[in-house]
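Trainee: I am new to this model and would like a close look at a single part of it. Please take the surroundings of the ligand, and then place that part in the rest of the chain.

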Amino acid sequence: MTKKQRAAMAVELLEQAYPDPVCALDYEQPYQLLIAVRLSAQCTDARVNIITRELFAKYPTLEAIAAAPVADIEDIIRSCGLYKTKARDISTMTKLLLTQHGGRVPDTMEALLDLPGVGRKSANLILGDIYGQPAVVCDTHCIRITGLLGLIDTKDPYKAEMQLRACLPMDKANDFCHRIVLHGRAVCIARRPDCGACVLAPCCKFFTGSQNATKPKAKAPAKAKAPAKSKTAKPRPAADTL
Ligand code: SF4
């Protein structure tokens with residue numbers, strides 16, 4: 001099976017398993033997604049959703065957040081880590097949206113990357129979810145699982161994105177990335193993948209035992225939990241520490 005065939009099979013299998021590939025971050029306006037993505041660095045989506053609920057209730061418009069005292073933003077987002085940097089980025093970013101982009105979130109990779117705190121992962125998410133452009137969001141789940149599938153051979157996010165762009169059907173890549181996250185949380189969990197219950201097993205290089213599968217180099221924890229019971233024999237990938 002070629003890499004493109006393997007990728008196409010993974011796309012199809014995940015489509016069947018997760019028909020609704022929603023973004024885990026709550027938002028109503030594009031700028032709110034941009035803020036939520038900025039907050040999500042080293043923070044769970046669930047925590048971000050709690051924080052943004054309060055933030056967007058207190059500052060319900062882009063103009064309001066741009067005018068908010070940075071110290072006030074810090075107070076609201078304090079529980080998500082790196083809050084000082086994130087608050088500064090949110091304040092500067094929202095001001096730039098108003099002064100340089102007419103109050104709109106830009107729709108190009110280049111313009112998005114010019115915003116403070118926005119990297120390729122965030123930019124891809126915006127381009128895919130807001131503008132429906134072909135996008136590959138290389139987060140920790142995506143890099144880990146597509147490595148196990150044998151679609152990529154790197155843990156570098158930029159290289160991973162380029163390798164996935166070369167093999168994924170790009171009209172389905174954005175949804176595929178959302179589904180990979182859902183799958184990484186439900187089945188292919190970093191330290192205890194449930195391979196026996198995994199729809200991706202037929203196209204997983206790790207599971208099928210290929211020597212070419214990418215195996216994460218991170219050290220396994222000393223007392224890693226055993227995979228959940230299953231009728232199918234399950235190999236165990238090394239722990240992911242991205
Ligand atoms: S078969 Fe196992 S290692 Fe492969 S994607 Fe599924 S859960 Fe992960």
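Mentor: The ligand shell comes first, then the fold, then two loop residues. The model is predicted, with local features needing pLDDT of at least 70, side-chain atom pairs counting only at pLDDT 80 or more, and totals for chains, interfaces and linings using all residues. Residue numbers start from 1 along each chain as its sequence is written.

Around the ligand there are 14 residues, each with its C-beta atom, placed from the backbone, within 6 Å of the ligand. The closest are Cys-188, Pro-193, Cys-195, Cys-198 and Cys-204. By class, the shell holds 13 nonpolar residues, no polar ones and 1 charged. Here Ala, Val, Leu, Ile, Met, Phe, Trp, Tyr, Cys and Pro count as nonpolar, Asp, Glu, Lys and Arg as charged, and the others, Gly among them, as polar.

The protein that carries this shell has 11 helices and 0 strands; these are DSSP runs, helices being H or I of at least four residues and strands E of at least two, numbered from the N terminus. Of its 242 residues, 40% count as buried. Buried means 20 or more other C-beta atoms within 10 Å of the residue's own, exposed 12 or fewer, and partly exposed in between, with C-beta atoms placed from the backbone.

Two loop residues that are not glycine have positive phi. Gln-42, with phi near 55 degrees, sits between helix 2 (30-39) and helix 3 (45-58), and counts as exposed because it has 9 C-beta neighbours inside 10 Å. Leu-82, at about 50 degrees, lies between helix 5 (70-77) and helix 6 (83-100); it has 15 such neighbours inside 10 Å, so Leu-82 counts as partly exposed.
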